[in-house]
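Hello,

Here is the structure I promised to pass on. Please have a look at it first, and then read my notes underneath.

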Amino acid sequence: MSSDQPMLLTLQRSLLACALALSAVSPGCGEDAQPQKVADPSTADDDDSAGDDVVSDDDDSTAKPIDAGSTKPKDAGKPPAVDAGTPKTDAGGAKTDAGGTKTDAGGTKTDAGKTGEDDSGKDPSTGVTGAVSEPEEPTTATASGQGKFAVKTYTNGYPDAPEYADSTMHYPDGLSGPLPAIAIVPGFLSAQSTIQKWGPFLASHGFIVLTIGTNSTSDLPDARAAALWGAIGTIKGENTREGSPIKGKVDVDRLGIGGWSMGGGGTLIAITAHPELKAAIAMCPWNPGLTYPMVKTPIIFLAAANDQLAAGQSQPFYDSIPETTPKMLWERSNADHFENDPDNNMGAQGRYGLSWVKVFLEGDQRYKKFLLEKPPVASDFKTNVK
């Protein structure tokens, strides 16, 4: 880390705190003091358009590399991106060993759509048959770190979606699919790089993951909801595009989303409008004054007690969601707004996020045991999962 980076991080946090505070009180930002329900999804526009050993599939002879924290030329004239203050990395993170050997196509993976040795059948919560991409029984250690699959990434070749800017597709090497997929968006004044660790982490456990940046770092939650839905369209498009590295590998019936801060607020808006999404992760979600009584998508809230920006918002969000919807809230007593990586709390944050999408997106019921344990350092813990 350079000597300037701690100062940049402090400045970014100060700017974010001021901006969010102003957004919360400004009528022009669409927020007011009274709780408001998110619109009924029946009126929403349902437009379907379109190991940690990270290996890029981009063709360097023709590709235009996109930095994980940058925006595309279409952002000209929009507010400039504020870097999160973290070191820049290659798309998908640092190229380190996956923590295990590569699995070839004929190795321990299961065939497309099958459940391997532990066939859990249909998940009553989602109504889909679970495909166990990892036949070995999961343990606390294996669910808290990188999975056994090497991860490949690419950043171009697919059509540009107007709802978001830069993006990185992560997918597990050695799995033919069909695989569940998830799109993840960052928070206010933050680049794609601030949530990008979730890409290689989830992909190493058998998921296809598209991490995205926003058209403007000042986009509000509704714009981030649109960006997530645009990213879902991109994932679907890659399943059929000739030349796509994940052509035929996406299970289009098992799609989920996630987001941090205003991206978490956008996640709640998007699952309200699109109840067909199978799972959601909301990290320190910000969108004060709103309630979500129409949410049907299983959702986990990863909140923080020392959150200077969104503390206390996850609880009313959680309470407003019907009891018929699987939901969980873990507020970490020792965390703040900016601790949003899967390796936080010695990997516990990753374990709960992974277990949520394993159970509700992939249908692998073996991971439910982790969701039934009270998380460590919990200042608040609520769940209706049994």
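Below is what I found in it.

This is a predicted model, in which local features need pLDDT of at least 70 and side-chain atom pairs count only at pLDDT 80 or more, while totals for chains, interfaces and linings use all residues. Residues are numbered from 1 along each chain as its sequence is written, and side-chain values use heavy atoms, with hydrogens and water left out.

Let's start with the largest nonpolar core (buried Ala, Val, Leu, Ile, Met, Phe, Trp, Tyr and Cys residues joined through side-chain atoms within 4.5 Å; buried means under 20% relative accessible area with a 1.4 Å probe, protein chains only). This core has 42 residues, and I235, I257 and F301 touch the most other members. Helix 4 (residues 221–238) contributes the most, with seven residues; helices here are DSSP runs of H or I with at least four residues, numbered from the N terminus. Another core, of 36 residues, lies apart from it and includes I281, I300, L309 and F370.

Next, helix 4 and helix 5 (residues 262–273): their axes, lines fitted to C-alpha atoms over the stretch in contact, come within 7 Å and cross at roughly 65°. Helix 4 is therefore roughly perpendicular to helix 5, a word used for angles of 65 to 115 degrees. On the helix 4 side, the contact (heavy atoms within 4.5 Å) is made by P221, D222, R224, A225 and L228.

Finally, K148 sits in the loop between helix 2 (140–143) and strand 3 (151–154); strands are DSSP runs of E with at least two residues. K148 is buried, at 19% relative accessible area.

Best wishes

Definitions and conventions: Buried < 20%, exposed > 50% of the residue type's maximum accessible area, 1.4 Å probe, protein only. Axes fitted to C-alpha atoms, helices over the stretch in contact; angles between N-to-C directions. Parallel < 35°, antiparallel > 145°, perpendicular 65-115°, else oblique.
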